[in-house]
Amino acid sequence: MKILVVCGMGLGSSHYLLMEVISIIKELNIRAEIDNCDLFTAQNAEADVFIGADYIINMLDGAGVKIGLDDILDEKELRDKLKQMEV
Amino acid sequence: MILKERYINIMKEILQSTEKVDTAYLKTKFKVSERTIRNDLKEIDQYIQSKKLPGLTRSKKTGIRLDVTDIIKEQLLEDLRGTDQNIYALNSEERMHYILLYLIMSDEPVSVNEIADKLGFSKNTVVEDVKKLEIFLESKSCTLTKKRKIGMEIKSTEFQKRQMYIDLFIKHFNIGKWAIISGNLKELGMKFHIVIQQEMEKLLYPWNIKTIVSLLEEIQIKLKLKYTDTSINTLILALILSKYRFEKNQTIKLQRFQLETIKLSQEYKVLGNYLDEHKELFSENEHERAFIAMYMLTNKILEQEEGIIFDDSLKDLREITEGMIAVFEQDMGIKLTELQKDKLLKGLMLHMEPAVYRMRYNIGIANPMLEDIKTKYKIYYDSASKACMYLSQQLHIIVPEEEIGYIGIYFGGIMENKQKQRVKVILVCNAGMATVRILETRLLEEFQDIEIVDYLSYSEFSKNGAQNAEIVISTVKIDYSSKPTIVVNPLIDDDDVNKLKKYFAQRALQKTYHKKYSADQIIEIVEKYSTIHAKNPLKRELESLFGNHGKTDKKLSQLLFAEHVKLNQNANDWIDAVKLGTKQLIKSKHIEQSYEDAVIENIKRLKAYVVLKPYVALPHAKPEDGVNKLGISFVTLKKGVSFGHEKHDPVRLIIVLASENPTSHLRALNTVIKLIKNSETIDRLINSKTYSEIIAEIKTIEEDD
C-alpha cells in the first residue's frame with residue numbers, strides 16, 4: 001500500500017504529518033510505503049491513500065482513498081481516521 | 001663541541017628508539033646514576049640548541065623527545081655518524097650488521113676473538129651480538145655454524161650473501177653521500193667505521209667509480225630508461241662485488257629457470273655489448289652476467305619511455321596493471337577520471353616491471369614506510385592488498401607486504417590528489433578591481449588548489465548568490481548561510497591564511513569521511529534488517545545530513561531573532577498580517593520580495609492551507625521562490641483576521657517560514673508544531689508582550705527534546 005501525505009507546499013505541515021502517520025501505522029501494524037509531497041505533485045501521483053488537511057484533500061481529483069483532516073495536528077483524529085480506513 | 005660517547009648513544013636512543021625513553025630507561029641502559037643521566041641530558045640539550053633547534057621536551061607520558069621533523073633527525077644522526085669513530089660507539093644493531101659484513105667477506109671460519117680484535121669490540125659484546133645475528137640470519141633463511149676452536153661461518157648461497165652484503169653496505173655507507181661521488185673515494189676524506197673503511201679499501205678504492213657511472217649512463221640510454229640514484233649506487237656495488245667475488249672463486253650459481261628467463265631480457269643482452277670493452281669489470285661467466293642483469297631488472301626506475309617492455313612474459317603487464325586499478329576503484333567505491341587513471345597507470349607501470357622481477361626472483365625490497373602505510377593509510381593498504389591478490393593470480397607470484405605497501409602509496413597518492421581537486425571560490429570585494437587582483441594573486445600563491453570562478457561586488461553578490469562556487473571569500477562582512485563564507489582582509493594577513501587553511505583541512509577530512517557512503521548504500525543496509533516506511537523522505541534527510549558535513553540544523557531559538565518578532569500588531573486583513581511577517585525577513589535579506597509575492601499568491605490559490613490550528617497560520621512558499629537563508633518570523637495580532645478557513649479563523653498568530661532547502665528547517669519546524677499543538681501554549685504566545693517571553697516558551701519545548 002502506498003500512502004501519500006499532501007500539503008500545500010510540501011515543505012512544512014506535510015513533513016510533520018508524515019512523521020505522525022509513520023508512527024501511527026507502525027502502531028496499527030499496517031504495512032505501507034509512505035511519502036510526502038505538495039498538492040500539485042499529488043494531483044499527478046498514484047497512491048492508494050492520500051492524507052492531508054481536508055480543504056487540500058478536497059481539491060484532489062482522481063483515484064484513491066482520501067483522508068481529510070480537520071486539524072492536522074490532532075493525533076486522535078488522525079488515528080481514528082487511519083483505523084477506519086478501508087482500502 | 002665534542003660529544004662524549006655516552007652522549008651520542010643517549011641521543012641516538014632519543015632519536016631512534018621506538019620505546020618510551022625516560023631517565024629511568026637511560027639509567028638502566030647505560031648503567032650510570034640518574035644524576036649522570038641528567039647532566040648528560042643538559043649537555044645534549046645545549047648541543048642541540050647550538051644547532052638552532054628546539055631543545056628536548058620531557059613529559060611523563062611520552063618521555064624525553066626531540067620534536068623535529070624526520071629529515072632533521074636524519075641529519076642529526078648523520079652528524080653523529082660522521083663524528084670521529086673514536087668517540088662514536090655503535091648500537092647493537094649496527095655492531096651486528098658490521099659483524100655480518102665481516103663474516104660474509106671472510107672465506108674461512110672466524111673466531112670471536114678475531115672479530116673482537118679486528119672490529120674493536122669487547123669479547124663479551126661480540127658473543128651477545130652473535131646471538132642477535134643468529135636470529136637475523138634465520139629470518140633470511142641462512143644459518144651460522146659455530147665450531148669450537150675453529151670459529152663461525154655463514155651457511156648460505158653466494159646469492160644470499162651478496163644480497164645481504166649489498167643491502168647492509170648501502171644502508172651503512174650512507175648512500176646519500178655516494179650520489180655526489182664522482183671520482184676518487186680516497187680524496188673524499190670522510191671518516192667511516194673501521195669495518196666500512198676496510199670494505200671500501202678492499203672493494204671500492206681500486207676502482208674509478210666515474211668510469212662505472214658513465215658506463216651505466218650508456219646502458220640506461222640503450223635501455224631507454226633512467227634509474228634512481230639509489231639504484232645506480234646499488235648497481236655499482238653489484239658490479240664491483242660480482243667481479244671481486246668471482247676472482248675469489250666465489251661464483252654465483254643461479255637456478256636454471258632464473259638463468260634462462262634472465263637471459264631473455266633486454267638487460268642481459270645489452271650487457272653483452274660491453275663484455276669485451278670492459279674486461280676489467282665483467283667476468284665471462286653467464287651466471288655473473290645474469291646476476292648483474294637481475295639487479296638491473298629489479299631496481300627502481302625513475303622514468304622509462306612508454307611501451308618499452310622487452311620481456312614477452314610481461315607483455316600483459318599493462319592489462320594486469322589496469323586490472324589492479326579497476327580492483328582499487330571498485331574497492332574504494334570511486335570512479336577515477338580518465339586523466340587520473342592515466343596518471344596512476346603511468347606511475348604504476350614504471351614501478352610494476354621491476355617489482356614483478358623482484359617478486360619473481362625473490363629479491364626483497366626494503367620499505368621504510370611500511371608501518372606508516374599500514375596504520376595511517378590503512379584503507380589504501382587494504383585496497384592494494386586486494387589489487388595485489390589479483391596480480392598474484394595473474395602472474396603466479398607471491399607479493400610480499402613491502403611490495404603491497406608501495407602499491408598502496410601509488411593508490412594513496414592519486415586519492416590524495418583527487419581530494420585536492422580544485423575548490424571553486426567566489427571572491428566578493430567592494431574595493432574595486434585592483435584590490436581583487438591583489439587578493440587573487442595572494443590567494444593563488446598560498447593555495448594551489450583553488451579556482452576563482454568569479455569576482456562580485458557586494459550588491460551583485462546579494463543579487464546572485466554563489467551559485468557555481470563551493471565557498472565565498474569576501475572582504476566585507478556578509479550574511480549568507482547556504483555556502484561557507486570566510487571574511488578576509490583585502491591584503492590577506494597571516495590570520496586569514498590560517499583561517500582558510502583550517503577550512504581546507506577540515507574540508508579534506510570531511511571528504512575522506514563521507515567519501516565511501518551514499519544515502520542509497522545506508523538505506524540498502526537498513527532495509528536488510530528493518531522495514532523503512534518512508535524511503536524517499538529518509539533518503540532526502542540523509543543526503544541533507546551528508547551535504548551539511550555532519551552539521552546539525554539550527555534550533556528555533558537560534559533562528560528567531562528579536563527583529564523578526566512583532567507582537568500585538570494591527571492588521572486590516574490577512575495580506576496585511578502576512579506582510580508584517582515577511583517584511584522583516586526581506587529587511588534582513590533572508591528572503592527576496594519574490595518570496596512574499598509567492599506566499600500571498602499561494603494563499604489566494606490554495607485558500608487557507610496555511611492555517612493549521614485555530615488562531616494559527618504558518619505562511620510559507622518554496623525554497624526556489626526567493627530564499628537566501630533559513631529564516632522565521634513571529635507576528636501576533638491585537639485583533640484576529642480571517643484567512644477564509646471555515647473552522648480555524650480568526651488568526652492571531654502568524655509564523656512565516658522561509659527555508660533555503662527542503663530539510664534544513666525541519667528541526668525548527670518540529671518545535672513550532674509542538675508549540676502550536678497545545679491551545680494553552682497558543683494562548684500564552686498570543687498574549688506575550690516581549691520577545692523574551694516568546695523565546696522562553698520556545699526553550700521550554702526545546703529542552704524536552
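Which residue just after H19(B) takes a positive phi? To find out, select His396(B), which follows H19(B) and has a positive phi of about 55 degrees. The model on screen is predicted, so local features are described where pLDDT is at least 70 and side-chain atom pairs count only at pLDDT 80 or more, while totals for chains, interfaces and linings use all residues. Residues are numbered from 1 along each chain as its sequence is written, and chains are lettered from A and ligands numbered from 1 in the order in which they are written.

**Helix H19 of chain B**

Step back from His396(B) and select residues 378–395 of chain B, which form helix H19; helices here are DSSP runs of H or I with at least four residues, strands are runs of E with at least two, and both are numbered from the N terminus. The 18 residues of H19(B) reach 25 Å from the first C-alpha to the last, close to the 26 Å expected at 1.5 Å a residue, where the expected span is 1.5 Å times one less than the number of residues. Colour Tyr380(B), Tyr381(B), Ser383(B), Ala384(B), Ala387(B), Cys388(B) and Leu391(B), which are the buried residues of this helix. A residue is buried if 20 or more other C-beta atoms lie within 10 Å of its own, exposed if 12 or fewer, and partly exposed in between, with C-beta atoms placed from the backbone. Looking down the axis of H19(B), you will find its buried residues within an arc of 155 degrees, so they line one face of the helix; the arc is that of the directions from the helix axis to the C-beta atoms. The face turned away from that buried side carries the exposed residues Lys378(B) and Gln393(B).

**Helix H28 and the side facing chain A**

Next select residues 593–606 of chain B, helix H28, whose 14 residues should span 20 Å at 1.5 Å a residue and whose end C-alpha atoms are indeed 20 Å apart. Buried in H28(B) are Tyr595(B), Glu596(B), Ala598(B), Val599(B), Asn602(B) and Ile603(B), and because they cover an arc of only 160 degrees around the axis, they are on the same side of H28(B). Gln593(B), Glu601(B), Lys604(B) and Arg605(B) are exposed on the other side. Add helix H27 (574–587) and strand E15 (651–658) of chain B to the view, since the buried residues of H28(B) pack against these two elements. Lys607(B), which follows H28(B), has a positive phi near 60 degrees.

Now show both chains, where 26 residues of chain B are in contact with 24 residues of chain A; two residues are in contact if their C-beta atoms, placed from the backbone, lie within 7 Å. On the side of chain B that touches chain A, the elements giving two or more residues are helix H25 (535–547), H28, strand E12 (611–613) and helix H29 (666–677). The largest share, five residues, comes from H29(B).

**Sheets in chain B**

Select the open sheet of five strands in chain B, which has the order E11-E14-E15-E13-E12 with mixed pairing; strands pair if DSSP finds at least two bridges between them. Strand E11 (565–569) and E12 of chain B stand at the edges with a single partner strand each, so one side of each is left without a neighbour in the sheet. Within the sheet, strand E13 (residues 616–617) and E15(B) pair in the parallel sense over two bridges, and the bridge partner of Ala617(B) in E15(B) is Ile654(B). Then move to Pro650(B), in the loop between strand E14 (631–641) and E15 of chain B, where the peptide bond from Asp649(B) to Pro650(B) is cis, with omega near -10 degrees.

**Sheet and loop in chain A**

Finally, turn to chain A and its open sheet of four strands, with the order E2-E1-E3-E4 and parallel pairing. Strand E2 (33–38) and strand E4 (65–69) of chain A are at the edges, each with a single partner strand, so one side of each is left without a neighbour in the sheet. Strand E1 (residues 2–7) and strand E3 (residues 49–53) of chain A pair in the parallel sense over three bridges, and Val5(A) stands opposite Ile51(A) in E3(A). End at Asn29(A), in the loop between helix H1 (13–27) and E2 of chain A, which has a positive phi of about 60 degrees although it is not a glycine. Asn29(A) counts as exposed because it has 6 C-beta neighbours inside 10 Å.
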